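Visitor: I should like to take a close look at a single part of this structure. Please guide me through it step by step.

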Amino acid sequence: MSVEGIGASVVRKEDKRFITGKGRYVDDIKLLGMTFAHFVRSPHAHAKVKSIDSSAAMKMPGVIAVATGKELVDDKVGNLICGWAITSKDGTPMKMGAWPAIAPETVRFVGQAVAVVIADSKNLAKDAAEAVVVDYEELPSVPDIKAAIKPGAPQLHPEAPGNVIYDWALGDEAATKAAFSKAANVVSLDLVNNRLVPNAMEPRAAIADYDTAEEHFTLYTTSQNPHVARLVLSAFYNIAPEHKLRVIAPDVGGGFGSKIYIYPEEMVALWASKKVGRPVKWTGDRTEAFLTDHHGRDHVSKAEMAFDKDNKILGLRVKTHANFGAYMSLFSSAVPTYLYATLLSGQYVIPAIYAEVVGVYTNTTPVDAYRGAGRPEASYLLERMMETAARKLKVDPTELRRKNFITAFPYQTPVIMAYDTGDFGASLDAAMKAIDYASFPARKAKAKSEGKLRGIGVSCYIEACGIAPSKAVGSLGAGVGLWESAEVRVNPVGTIEILTGSHSHGQGHETTFAQLISERLGVPINQVQIIHGDTDKVQFGMGTYGSRSLAVGGTAIIKAMEKIEAKAKKIAAHALEASESDIVIANGEFKVTGTDKSIALPMVALAAYTAHNLPDGMEPGLKETAFYDPTNFTFPAGAYICELEVDPATGKTSFVNFVAADDFGRLINPMIVEGQVHGGLAQGIGQALLEGAVYDSNGQPVTASFMDYTMPRADDLPSFKLSHTTTLCPGNPLGVKGCGEAGAIGASAAVINAITDAIGNNKLEMPATPDRVWHVIHR
Amino acid sequence: MSRIELTINGKAVSADVEGRTLLVHLLRENLDLTGTHIGCDTSQCGACTVHIDGRAVKSCTVLAGQAAGSNVTTIEGIAKGDELHPMQAAFRDNHGLQCGYCTPGMIMSSIDIVHRHGGKLDEATVRQELEGNICRCTGYHNIVKAVLDAAGRMKVSQAAE
């Protein structure tokens, strides 16, 4: 309908401020009289805090206060919570240990705060933090899953005997057992899904400002969901009632899940701003990000798949241990359960599935959702399984997949999800064509003649996005509804403001959402302003994660627009003395169909606000709101194929080609969608080849800087070849599915499948560093 | 505290700084030039890259005092009024940014890359040269495209001058 509407790769409206240095991130904000917080953090993975002596620090210049956990407890600041209740197989509720914002007695991971210093400058606060003397009594620690579940292991929380949070299961155990008893072949696989550090480039930061006269707090924070932050701070952490707390998330420099949660530093900054009567700013450094931003993944799994004599899948059995770290983060319990086991059917007809998940505490940084959250773990497990099975059954891995693809929709899996639509064969075809799969054997032979080991690896992923129908997640234990809200304001001059509960921290909402309006009204996108990230402006919102912004937030905008258009048509019909049903909207005008009579949008808007001549009984104004609750998840899916070479002399991997064929439903801005895929692929490839958070046997993190944790750099990655196949999502009026996480979900398995194909050995874990690959080759 | 004088974005600036003050802190905290970002504490990420006397330098590796007397250009100083620098325009046109946090450093590094390699840039060289700048959003695909695009634009604009 419009050149800037749906399907147009228009450049982003928000870019000008970012490319000219005018972005406004939390650390860029200065308030009058601002003080600075610096945290004293535990150097031990597990210890009793015997005493804290802040007397020397208090005497240092510029120091305003030193506070410990006891003072927060005394002021009844609530403990941090996990908001999704999971019930174990035996019917008992999950076992959540207490998590105070500053540890008053016991520290359980390196980096946990034991005190905070507030001073006149950042440097003075840092200097004084060095002078705070903490006497620790070290306790034995558990650095990983294996140590945590060993009989006699040190115990982290009295609430969780054996360090077990829950022992949960999904699926039909008896049916799965029966399926395996009929199997002609059973393929088994042991896998580790390595722990990752999200590492958004902007470190977390917070500024808290307490107004003593109004008894009102303002919090500027690096959040993907400011309304959720306000809700949790208000309802659970006793900071202030919601009407006395404004949360602003301005420009936010990447999230990837790590900025969903409400962290101790934000709670402490708010509490301290009231204590000291001045604004308090905290900006994390990268080391603090490694120590305290919640990590991702960290699963250890055993899987078995049963096949009949025709290589049709009969059943899947999975047992996974999930590392939660030292405390249960906000959504942590849902990640290895309802975001993981529910996706274990993948793209395949699997008549019986049984998945068991044991959640365990360890003396490490808390683990929660990181780009993909549960779905990358499911996809990695299944897609390595399919490749392993194909090799064992001596069939082409694409043929084995194709034989087992789901082809009729809707399809009810045995693990809750009901897939609405898809065409898995089409995306596999597209990827195979893009990489010229048919002539791979010739390329492999040629590489061999040059002394290189060439491999090809396939990964066919599916994910569940657009979280989520509130009733459904409520029945599964979620503490919140997962709808989204929008408000559309048509101003008297005809420009448009969209207030959305979604939050953009790189996704390009200011452009994509404006394109939705341009499509419907035919106005240019520069007449549309997107407002987000401020609880005083936007009525409510559940925020951005789980690739939900367009499918849920975008649909809320459409629902509000439908109300706007209905009212505007009435006004136009009244002004043009026509029937409402004859009014059509095009190019910013309301026209009487079949005539040359029309009225421009600004005139309709002006009429709405002057209210001099409105239809009888109509309220003035042109502003509508909508809350949209989705009816189902959306199911983006696709096929990724990686071709690479391994140098047997060094174990080093070099990409030859990486192709991605995704089905995201309708694309609003293909340029932005492709950018999302590129970034996801980089994180998936990073997991496969480079990234891994490592703790030593005492729970000391040994990868807590960019010197030690390998972030993907430009020369670690190839250029990607992307293509799209399309089945429209029937669950929302836009037909969209979500594209933010696909790359991170599908890429890892494709890379590892390619390396194991190249080296002819399947016993390879991520990250497949040259050292690791070399040792597998030469073992 | 000691007084230093230098030129920033073409303007003479003087400031009283502690000896330990890094150039990036002088820019952000004393001069409110917040376009230069801090993404790490080990000089790895390149978010703080500026130009000192025409060369790209991570401003977290330089004490403010060391920059005394030099000519510093930040992301705020490369456009000519409303006319974007060709590198800025290329990042926008090629969708070479998402969250925008690494972007100023990326742009400042990339301008230096083009200056040093002239018209001889290829994809492999750009990728190798961008080693010192980390982006978590874009997978670098469109950043590489943007730099190659800008290399062409900068040749044209230099020829026009």
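In β4(B), which residue is the bridge partner of I52(B)?

Guide: The model shown here is predicted. Within it, I52(B) has R55(B) as its bridge partner in β4(B). This pair belongs to a wider pattern, since strand β3 of chain B, residues 49-52, is joined to β4(B) by four bridges. The two strands run antiparallel.

Both strands are part of an open sheet of five strands in chain B, whose order is β2-β1-β5-β3-β4. The pairing within this sheet is mixed. At its edges stand β2 (11-17) and β4 (55-58) of chain B; each has a single partner strand, so one side of each is left without a neighbour in the sheet. From one strand to the next, the twist averages 40°.

A helix also meets this part of the sheet. Helix α3 of chain B, residues 103-117, lies across β3 and β4 of chain B, and its direction makes an angle of about 40° with β3(B).

Helix α3 of chain B leads in turn to the contact between the chains, which takes 43 residues from chain B and 40 residues from chain A. On the side of chain B that touches chain A, at least two residues each come from α2 (86-93), α3, α4 (123-129) and α5 (141-160) of chain B. Of these, α2(B) gives the most, with four residues. Sorted by class, that side of chain B has 19 nonpolar, 16 polar and eight charged residues.

Notes:
Residues numbered from 1 in each chain as written. Chains lettered and ligands numbered in written order. Predicted model: local features only at pLDDT ≥ 70, side-chain atom pairs only at ≥ 80, totals over all residues. Pairing = 2+ DSSP bridges. Axes fitted to C-alpha atoms, helices over the stretch in contact; angles between N-to-C directions. Contact = placed C-beta atoms within 7 Å. Nonpolar A, V, L, I, M, F, W, Y, C, P; charged D, E, K, R; others polar.
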